[in-house]
Amino acid sequence: MPAQMFADVILPLPLRDKFTYLVASGFEPKMKVGIRVVVQFGARKFFSALVFRLHHQRPDGDFELKEIDAILDQEPIVNQAQIIAWEWVADYYCCSLGEVFKAALPSALKLESQSAVSFNPNFEITESLNGEETALLMMLQGKGQANIREINQFLGKKSSYATLKILLEKNAILMEEKLKDSYRPKTLQVVSLSDTISSSEEIEQAVEMIRKARKQSELLEYFLSETVFHQEQKSNLPKKELLEQAGISDAVLKALIDKNILVVESVEVGRLEMSHSADQYLYELNEAQEKTLLELKKAFQTKRPVLLHGVTSSGKTEIYIKLIEEVLAEGKQVLYLVPEIGLTSQLITRLKRAFGDRAGIYHSKFNDAERVEIWFNILQNKKDSYQVVVGARSAVFLPFKKLGLIIVDEEHENSYKQFDPAPRYNARDLAVVLGQIHQSPVLLGTATPSFESYFNAKLNKYALVELNERFQGIEMPEIVVGNIRKATRQKQMKSLLTPALFEEVRLALENKEQVILFQNRRGFAPYMQCKSCGWIPKCTNCDVSLTYHKFRAGLVCHYCGHTSSLPANCSECHSEDIQTRGFGTEQIEEELGLLFPEASIARMDLDTTRAKRSFEQIIYKFENRQIDILVGTQMVTKGLDFDHVRVVGILNADQLLNYPDFRSFERSFQLMAQVSGRAGRKGKRGKVVIQTSQATHEVLQEVVDNNFIQLFNRQMQERKLFHYPPYFRLIKIVIKHKNRDRLDLGATQLAGLLRKQFRNQVLGPEYPVVGRIQNWYQKEIWLKLGKNKALNQSKQMLMDTIDQVKSLPNNTGLIVYADVDPM
């Protein structure tokens, strides 16, 4: 008798264990690692799980194993390389495989369990039921079954559980858990000739049969002219196109269908745009780029990740395209990561010119169905599949089979780090691991390297290639510091602009050139304040002030989304003298409209780019000079390429420099250098004005001199002294609870246990800058671990300690998680 087969599966739940199920003998030939199966978990819930391992060893313990209920895939939808990467993510970032599974797969591939309610045929409807109960039962009788959401809508209630509970007790309804598959292939209705008509004689007979029905005859003749008698010999036409082009109603088509002359059927079509062909994109690299390209190829041979440190506007993208071209010639795939979804639009245009439909995009703003189709497009790796995928961080989870190159553009960006929910991974670091798994080169490109990557390059963990020349010999922009304190004292400020920045903007507009102004705060003003007593309106759910949004005529919390109307008077002293404090992108846009009424001004921030295509529309208008001044948050700093920008203004560098974080100087330099790089990108030298109240600050001088090395060396001394990365590893432990006292108790217990194991490497617990978000109080504990410390062992000790604390009395409802390498 053959041995019984068992399957270890991953459930899309935050559980650290894998679960073992029996495989029925009928399923054994179809079972493969990487396919989805339906399993029962608990008494009533069903989930789609992923097969992680197949074996013949029954788990220890005297308990009954459940069987796998169904197989959802014929072939694996996740390959072995992905499973290896998932395991690394779960181990390194202190999370479960279930959380990685949930993050990696498009939502439409994760079937979810939901309650289906149906009428019990053995129940008799009597007068003992009230009107609502009777109406619901009659609806279920007619419909067959409904889910909870549909019943809520039918009854006009937020919750129908009370009614359902009564009907369950009376045995009037049946409830079962059913799996809901949210992915449906996109279909198109097409019209074709009936199977009964196959020869030219039969076509002539059909034409003759309807000759007297003028409209039917016209429709059939048009259909035949576009299909059978067309030079391309098409077999069908889209129904919508046929009726629109022929100018004939649906009723006429129905008559031809009833006569069995034409038929309508639904065919599956892709959602992906496949209409671009390569333009014979020829681009000759200059001498510096050619030299860099050769150095990169040489560095790839060392099997180490390669850091390309190239100044802004040095033509790094063109070098990437040459490398991609060579990889595609070998029949391999390329993953091109960018930090922001918005960057994909400009970049994909260039890649489509070079590679046509072999280049595609993947990111979270696509709907579920589009993401599923891209997933299978890459998984199948057919001749017409995407070979180059441009995407934000989630693209690292795609099912590549023949990955030949990974490019991480703007590798310093903290957007590559996932903050919530788990897994809290860094896509840049995961890309390096993917390169090892696939044995493919990894290229990290940036004008302002992260200190960790540059440190690795100095230790020879990474190879370092530098490109210090701007393309076509364009000079680096001239950077000047605008002293806000001095200009304010001398009453020279023009609204929010120092005299230097005002004059540069005026000259640029006069010469028909463009301007970018950067302010890392959206809204009109960061907060409002009573001038009499100092009262500030705060969020009811979070410990943070509300931001004034003039466009929405209200106050908004940027943490939970809570909104409130503008206060007519102070809630403390009832004074009506309430003023705005600080300024955001909305206020800048308004003030510029008064200073430069003839200029076309636009704003690029989260509020103006929420819609799917809004970012692309702003970029298109700016590229085509329909916008003179672009005001924006961090979005304007990241890798965008504009031909006619001469002036860039950083309106308040103090916010960046004074942020309470050990990385604030590093990030300040990166942001200011990146936004400065937008100036003078083609044609002539640009001008950058950095406004600040700290005109002699050493970081500002290093930005002016473009002296990254000096900043790096100085910061490394401080970080080594105070035990910060890259010399030490950081793990942030976040503890949350709805009750502040319970939070304090749990955080103190956890910190005490951790100090017994890690001694003076534990900092905290302490409240962060914002100690309450969405009514969850939170505290943080930080671990500083030396590089020589056994990291995996330390993490396991940490997770065991967290589990121990969560299981203690009075800690019900306590949420604790670890964030490894926080940004």
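Here are a few friendly notes on this predicted model, covering confidence and two of its helices.

1. Confidence first, since it frames the rest. The chain has a mean pLDDT of 87, with 92% of its residues at 70 or more. Helix H14 is where confidence is highest, at 97, while strand S8 (residues 173-180) has the lowest, at a mean of 60. I would keep that contrast in view while reading on.

2. Helix H15 (residues 451-458) is largely enclosed by the rest of the structure, because 7 of its 8 residues are buried. The buried ones are Phe451, Glu452, Ser453, Tyr454, Phe455, Asn456 and Ala457.

3. What covers these buried residues of H15? The cover includes three strands, S12 (306-310), S17 (442-446) and S18 (463-467), along with helices H14 (427-438), H21 (664-676) and H23 (708-721). After H15 comes Asn460, with a positive phi near 70°.

4. Helix H17 (residues 499-510) has 12 residues, and the distance from its first C-alpha to its last is 16 Å, close to the 16 Å expected at 1.5 Å a residue. Buried in H17 are Leu501, Phe502, Glu504, Val505, Ala508 and Leu509. They lie on the same side of H17, because the arc they cover around the axis is only 165°. As a reminder, an α-helix has 3.6 residues a turn, so residues three or four places apart point the same way.

5. The partners of H17 are worth a look too. Its buried residues pack against helix H18 (585-595) and strands S20 (514-518), S27 (629-632), S28 (645-650) and S29 (687-692). Just after H17, Lys512 has a positive phi of about 60°.

Conventions: Residues are numbered from 1 along each chain as its sequence is written. This is a predicted model: local features need pLDDT of at least 70, side-chain atom pairs count only at pLDDT 80 or more; totals for chains, interfaces and linings use all residues. Side-chain values use heavy atoms; hydrogens and water are left out. Buried means under 20% relative accessible area, exposed over 50%, partly exposed in between (1.4 Å probe, protein chains only). Helices (H or I, at least four residues) and strands (E, at least two) are DSSP runs, numbered from the N terminus. Contact means heavy atoms within 4.5 Å. pLDDT is the predictor's confidence in each residue, from 0 to 100. The expected span of a helix is 1.5 Å times one less than its number of residues. The arc is that of the directions from the helix axis to the C-beta atoms.
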